[in-house]
Amino acid sequence: MMFKQDLVKATGAVVLKDEVGEEQKFQISTDTRKIESSDIYLPLKGANFNGENFIDNDNIFAYFTTGNKITERAKLVLKVENTLEAYLKLAQYYLKQQKGLRVVGITGSSGKTTTKELVYSVLSQKFKTHKTFSNHNNEIGFCQTVFSMASDTEVLIVEMGMRGLGEIELISKHLQPDYAVITNSGSAHIGRLGSLDNIAIAKCEITTGLNQNGVFIANNQDIIKKHVNFDGQKEYYSINDVTILEKAPSYSKFSYKGNTYELNVEGDYNIENALAAINLGIQTGMSYEEICKGLISYRPIEKRWEVENINGLKFINDSYNANPDSMKASVKTFVELYKNPVVILGNMGELGENEIEYHREVGKYLANINTNQNVKYITIGNLAKHIGEELSLKGFEVKNFDNNSDTARYILANLDNSYTIFLKASRSMKFEEILENIKRGI
C-alpha cells in the first residue's frame, strides 16, 4: 500500500481533488470489477480499450486520470500524462521502499517461464519468494507482480517477455534487478525483429537496469556474449558443462560443477534451464542441500510437459507455445524416452517471411536425429505440413490434417493405449481442442 503523498511523488501527478487524510493508504487497482474502498483506480489504455471510460463507476472514490474529469463521489483525483508510465513509476517507487529485497529478472527466447518456476522452486527453499504469475511478463504484468508482493518478501522473480526492441529495456529500467538471467537467444519472434542479432540485442536489454554490483547469468552463446553490455560479474552455463548420469520419463540425474542433481522432469533442455537456478542458488548463498531440494520439488506448470490419461490414451501436452528451438529439443527428448511415440506438431507463429523454411528445418532436424522409424508423426496446419514433408522423405509415417477435430477422430480410430502421444505447437493452434474432443469421444 502507498500513502497519498507517495502516489504524487512517484508519478509527479497534479492533484485535482483531495478530500482524504495524510495517513490514508491506497492499493493500486486497474480493474473496476474488483475495486475496493481502499483502492485508487489507475485506468490503463490500449488499442481497443480505455479504462478512463469507467471512472464513473459507483465504487471508485479515488483515481488517476489523464484528463480533467472530477466525479462528485471522488475523494482523490490525480492527473498524469500517461497512466501506463505512472503505473511503471509507482512499481519502481514501491520496489525502492522494500529494504533488503533481492530482485531477479529472467528472459530468453524459450524456457523463460520454466526457468522462472525452477528458480522459484530453488530460492523459495531459503527465502520468502514472490514470482510473476503464469506468463504475465509484459510491462503491465511486471507492475501487477510488484503490487501483489507480500511486504515481507525477500526475493522477487520477474519474468520479462517482449515482442520488439525496447520492451525488456523498459521493464529492466524500472525493475533494476540484482540478478539478470537470459535462458537463450534463438529464433522466436524473428518475424518481428528481423534477425537473430536483433533478437539477442533485445534479450540483452535486461542489463539496462542491472545493478552494477549484481550478476549477469546467461546461456553460453556467442551471440549473447557479442551483444551483452554489462561490465560486472558474468556467469555463463551450458548443457556442455553437464554430465548426464540418467535419463528416464519424468526423471533426470546429472552432474554439474562437481555436484549431482536430480529433476522430476525429462529433457536436456530442462537440465540446462535448471543450471540457471543452480547458479542463482550459489550466488544467493544457498547450500547444496537446499538447491537439491528445490530442484527435485519442481513440477511443470499447465501445458508444459503435462501428462494426461484420457479415455485410455496417454498424452503429453507441451503445447503452451513453440518455436523452432523448443520444438526440436522437446520432440528429441520425447522420441528418445518413450516407446511407441506419436508426435503431433502444429504451426509455429511469428517466424516472418522465412516461416516455411523454419518449419522445413525442424523436419530435417527431426528426420536426422531420430533413427527410430517406429515414430508416427501427425502435422496440423498449412505450415506444419512442411515439417511432415521432410520427415516423409526419410521414410517416416506422417499424416497431415487441417484442423484439430479431424486429428482427434483419427486418434480415436487408429491409436490405443500402447502409444504415448506428444503435442507441440504455438498457442494459436489451440491444441487443447484435441484433448477436449478426445474426452467427448468424437
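What share of the 442 residues of the protein chain counts as buried? In this predicted model, 53% of them do, buried meaning under 20% relative accessible area with a 1.4 Å probe and protein chains only. Residues are numbered from 1 along each chain as its sequence is written. Local features need pLDDT of at least 70 and side-chain atom pairs pLDDT 80 or more, whereas totals for chains, interfaces and linings use all residues, and side-chain values use heavy atoms, without hydrogens and water.

The secondary structure comprises 15 helices and 21 strands, which are DSSP runs (H or I, at least four residues; E, at least two) numbered from the N terminus. The C-alpha trace spans about 75 × 50 × 40 Å along its principal axes. Of the contacts (heavy atoms within 4.5 Å) with a separation of 6 or more, 64% join residues 24 or more positions apart.

Ser319 lies in the loop between two elements, listed here with another strand and helix.

| Element | Residues | Place |
|---|---|---|
| strand E17 | 313-317 | before the Ser319 loop |
| helix H11 | 324-337 | after the Ser319 loop |
| strand E3 | 25-29 | lining of the second largest pocket |
| helix H4 | 139-147 | lining of the second largest pocket |

Ser319 counts as buried because its relative accessibility is 4%. Its side chain makes a polar contact with the side chain of Asn317 at 2.5 Å; such a contact is a pair of N or O atoms within 3.5 Å, within protein one able to donate a hydrogen and the other to accept it, and residues adjacent in sequence count only if both atoms are side-chain atoms.

Definitions and conventions. Buried means under 20% relative accessible area, exposed over 50%, partly exposed in between (1.4 Å probe, protein chains only).
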